[in-house]
Amino acid sequence: MSSVILINLFAQTLRIATPLIFAALGGIFSEKSGVVNIGLEGMMVIGAFFAVYGSYTTGSPVMGILFGVIAGGVLGLIHAVLSIHLRADQVISGTAINLFSTALASFLIFKLFDGKGGQTDIVTGLSYNIPDWIKNIPIIGNLISQLNWFVILAIVLVFVSHYVLYKTPLGLRIRAVGEHPKAADTLGINVYKVRYLCVILSGMLAGLGGAALSLGITPLYREGMVAGRGFIALAAVIFGNWQPFGALGASLLFAFGSAFNIFAQGLSWNLPTEVYDVIPYVLTMVALAGFVGKTTGPLASGKPYIKGSR
């Protein structure tokens, strides 16, 4: 296999992994603070839809990204109110958000796009222009030229997230709230405030992941385009042991399954198309099955906190 093919495969893997990385980072922040976010899928759906709608109405993909991030943040706020303030079951709340988001996007397609469904002829993607001197660098230049700004931002945010969680006072508060909220409360940390912040941030990152999918890969929105990526991102959180770099590695692993799916279909192996389509999902299940019981999440994850309770 030539180096060009390997570079193309790696570049494709990075592009496919990018939405997963954003959503997984959101899941990490939420669960590190003690709130399980099953609603990543729905937040990605609504982020993907409003990214296209924002780009369509304003003519700017940057504004489209902002629309997607805000839409995801609003769903994060709803999940935070239900899970933190009203102390609803966090899994049920997230599931409800998934169902609501999918239905809302399907309804708004016909109301806001006049039934067009957000096709490629009405929105533009985010331009990706890099200097020629970078493109001319052997191997690296070829790889970078095949990426987009979403990929660069995702990698940067992995480093930023790691720094925030493990090198700053805010990160210490987030981890304290997720591990032992009562002890954190006695030290003067506002448990509710920290959890609200993290869950809303989780929604914004998942919305950014949806925007990366709808504007960064194919500038359109269509029903079913998220296709379980939110759940795969949730799996990446667990597989990556609730660590930003671990989630990055897990996202790359799962994305490699999809990239290899595209690559393998050109090898003339005479296999049914469905065999290639299930590769990333089978890889996800196998990876999780092999790591069940070997990862440890935040101790207070999924447990509502009641101030003053024993």
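Helices are DSSP runs of H or I spanning at least four residues, numbered from the N terminus. In these terms, the results below describe a predicted model, beginning with two residues of unusual backbone geometry.

Residue W242 lies in the loop that connects α11 with α12 (244-264). Although W242 is not a glycine, its phi is positive, at about 60°. Most residues other than glycine have a negative phi. The relative accessibility of W242 is 9%, and the residue therefore counts as buried, the limit for this class being under 20%. A227 likewise has a positive phi, of about 50°, without being a glycine. This residue, A227, is placed in the loop between α10 (191-214) and α11 (229-239). Because its relative accessibility is 36%, A227 is classed as partly exposed.

The packing of nonpolar residues was examined next. The largest nonpolar core comprises 70 residues, among which F49, Y221 and F254 touch the most other members. The greatest contribution to this core comes from helix α1 (residues 3-32), which supplies eleven residues. A second core, separate from the largest, consists of nine residues, including I7, A11, L14 and Y128. In soluble globular proteins, nonpolar side chains tend to be buried together. The surroundings of F254 were considered in further detail. When neighbours within four places in sequence are set aside, F254 is in contact with L20, I232, A235, A236, F239, P280, L283, T284 and A287.

Internal space was also assessed. One cavity of 30 Å³ or more is present in the structure, and the largest cavity holds about 40 Å³ of space. Its lining is formed by S83, I84, Y192, R195, P304 and Y305. Two or more lining residues are given by each of the elements α3 (61-85) and α10. By chemical class, the lining of the largest cavity contains four nonpolar residues, one polar residue and one charged residue.

One of the lining residues, Y305, also appears among the contacts of D185. The latter residue, D185, belongs to helix α9 (residues 181-186). With a relative accessible area of 18%, D185 is buried, because this class covers values under 20%. Apart from residues up to four places away in sequence, D185 touches V191, Y305 and K307.

Key:
Residues numbered from 1 in each chain as written. Predicted model: local features only at pLDDT ≥ 70, side-chain atom pairs only at ≥ 80, totals over all residues. Heavy atoms only, no water. Core = buried A, V, L, I, M, F, W, Y, C linked by side-chain atoms within 4.5 Å. Buried < 20%, exposed > 50% of the residue type's maximum accessible area, 1.4 Å probe, protein only. Contact = heavy atoms within 4.5 Å. 1 Å grid on protein atoms, 1.4 Å probe; cavity = no way out; pocket = protein on both sides within 12 Å on 5 of 7 lines; lining within 4 Å. Points joined across faces, edges and corners; volume = space filled by probe spheres on them. Nonpolar A, V, L, I, M, F, W, Y, C, P; charged D, E, K, R; others polar.
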